[in-house]
Amino acid sequence: MPLGHDIETMTGEYPVHSAIDVIDGTDVYKNEEWWKAVIVYERYGRKVGVYLWHNEDGDWKRKQKYVIREQEDWTKDKAAIEKMVPLLDEEADSTSVSEADGSKVDELTDEAMDTST
């Protein structure tokens, strides 16, 4: 059975598999139904994980997990996300992100295209 799909025990305050050694964590949000947290953990090397759990009849079940294994991974992911986030405020249409050939469209601002941060 894949790790994380069947919680054997809770590790500290986060409902992760008992084989995961949680170093630290912080909640993004938590209510009666959903819980999102970022944790630093050790399992075959140190990682940062963004977890989303759903409360199903009193038991927290993992629904999503996003893992960052190296600083370079985060740098690439962050740059890609920062390009897309400004589009949340724009009207959605098929040409606001890219043309059919994948080239960037002029509607993206220089700020949105800046990957240096």
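The following legends describe an overview and several close-up views of a predicted model.

**Figure 1. Overall arrangement of the protein chain in the predicted model.** The chain comprises two helices and four strands. Read from the N terminus, the order of these elements is β-β-β-β-α-α. Of the 117 residues, 22% are buried. The accessible surface amounts to about 8,300 Å², and carbon and sulfur atoms account for 48% of this area. Among contacts between residues at least 6 apart in sequence, 18% connect residues that are at least 24 apart.

**Figure 2. Hairpin of strand 3 and strand 4.** Strand 3 spans residues 46-56 and strand 4 spans residues 59-68. The two strands are paired in the antiparallel sense over nine bridges. Two residues lie between the strands of this hairpin, where Asp57 adopts a positive phi near 55°. One of the residues with a bridge partner in strand 4 is His54, which is matched with Lys61.

**Figure 3. Surroundings of His54 in strand 3.** His54 is classed as buried because its relative accessibility of 15% falls under the 20% cut-off. Its side chain forms a polar contact of 3.2 Å with the side chain of Glu33. Leaving aside residues up to four places away in sequence, His54 touches Glu33, Trp34, Asp59, Trp60, Lys61 and Lys63. Glu33 is thus both a polar partner of the His54 side chain and a member of this contact set. Lys61, also in the contact set, is the bridge partner of His54 in strand 4.

**Figure 4. Gln71 in helix 1.** Helix 1 covers residues 71-84, and Gln71 belongs to this helix. With a relative accessibility of 59%, Gln71 counts as exposed, because this value is over the 50% cut-off. The view also includes Lys47, which is 24 residues from Gln71 along the chain. The C-alpha atoms of Gln71 and Lys47 are separated by 9.9 Å.

**Figure 5. Nonpolar surface patch formed by Ile81, Val85 and Leu88.** Together, these three residues contribute about 300 Å² of accessible area. Ile81 is located in helix 1. At 44% relative accessibility, Ile81 is assigned to the partly exposed class, because its value lies between the 20% limit for buried residues and the 50% limit for exposed ones.

Methods:
Residues numbered from 1 in each chain as written. Predicted model: local features only at pLDDT ≥ 70, side-chain atom pairs only at ≥ 80, totals over all residues. Heavy atoms only, no water. Pairing = 2+ DSSP bridges. Buried < 20%, exposed > 50% of the residue type's maximum accessible area, 1.4 Å probe, protein only. Polar contact = N/O pair within 3.5 Å; in protein donor to acceptor, adjacent residues only side chain to side chain. Contact = heavy atoms within 4.5 Å. Areas by Shrake-Rupley, 256 points an atom, 1.4 Å probe, with all protein chains shown as cover. Patch = residues over 30% accessible without salt bridge, like charges linked within 9 Å, V, L, I, M, F, W, Y side chains within 5 Å. Salt bridge = Lys/Arg side-chain N within 4 Å of Asp/Glu carboxyl O.
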